[in-house]
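Here's a quick walk through one fold, written for someone who'd rather look at contacts and angles than at cartoons. Have the viewer open and follow along.

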Amino acid sequence: MPAHRRFRRVVRIGPVQVGTAYDGRGREKHTAARTAPRCGFCADYDSRSAADPAARTHRCPVR
């Protein structure tokens, strides 16, 4: 069963949202997720400075 995270500091960068939450072990994680249908892009990063460029440079393979 997946953990339900409470995201804070959610920022929208184009069609990708970047949010900060704590994982199951209490560590702070930064998630970048595409909000468009049929894309499926979602990635966790240890720092916000890594998640922001990933959101800016993401290109969807599905059009």
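Contact here means heavy atoms within 4.5 Å. Keep in mind that this is a predicted model.

With that cut-off in hand, start at helix 1. The buried residues of helix 1 pack against strand 1 (8-13), strand 2 (16-22), strand 3 (28-34) and strand 4 (42-45). Helix 1 itself covers residues 48-57, and its buried members are Arg-48, Ala-51, Ala-54 and Ala-55. Looking down the axis, these buried residues sit within an arc of 125°, so they line one face of the helix. The general background is simple: an α-helix has 3.6 residues a turn, so residues three or four places apart point the same way. Flip to the other side of helix 1 and you'll find Ser-49, Arg-56 and Thr-57, which are exposed.

Now for the sheet. Its four strands form an open sheet in the order 1-2-3-4, with antiparallel pairing. Strand 1 and strand 4 are the edges, each pairing on one side only. On average, neighbouring strands are turned by 20° against each other, direction ignored. Helix 1 packs on this sheet, touching strand 1, strand 2, strand 3 and strand 4, and its direction makes about 160° with that of strand 2.

Zooming in on one pairing, strand 1 and strand 2 run antiparallel and are joined by four bridges. Arg-8 stands opposite Thr-20 in strand 2. Val-10 also belongs to strand 1. Is Val-10 buried or partly exposed? Val-10 is partly exposed, since its relative accessible area is 47%. Its C-alpha atom is separated by 9.6 Å from that of His-30, 20 residues apart along the chain.

Which residues make up the largest nonpolar core? There are ten in all: Ile-13, Val-16, Val-18, Ala-32, Cys-39, Phe-41, Ala-43, Ala-51, Ala-55 and Cys-60. Strand 2 and helix 1 each supply at least two residues of this core. As a rule, in soluble globular proteins, nonpolar side chains tend to be buried together.

Two residues are worth comparing by their contacts, leaving aside neighbours up to four places away in sequence.

| Residue | Contacts |
|---|---|
| Val-10 | Gln-17, Val-18 and Gly-19 |
| Cys-39 | Arg-34, His-58 and Cys-60 |

Val-18, which Val-10 touches, is one of the core residues. Cys-39 and its contact Cys-60 are both listed in that core too.

Terms used. Residues numbered from 1 in each chain as written. Predicted model: local features only at pLDDT ≥ 70, side-chain atom pairs only at ≥ 80, totals over all residues. Heavy atoms only, no water. Buried < 20%, exposed > 50% of the residue type's maximum accessible area, 1.4 Å probe, protein only. Arc of directions from axis to C-beta. Pairing = 2+ DSSP bridges. Axes fitted to C-alpha atoms, helices over the stretch in contact; angles between N-to-C directions. Core = buried A, V, L, I, M, F, W, Y, C linked by side-chain atoms within 4.5 Å.
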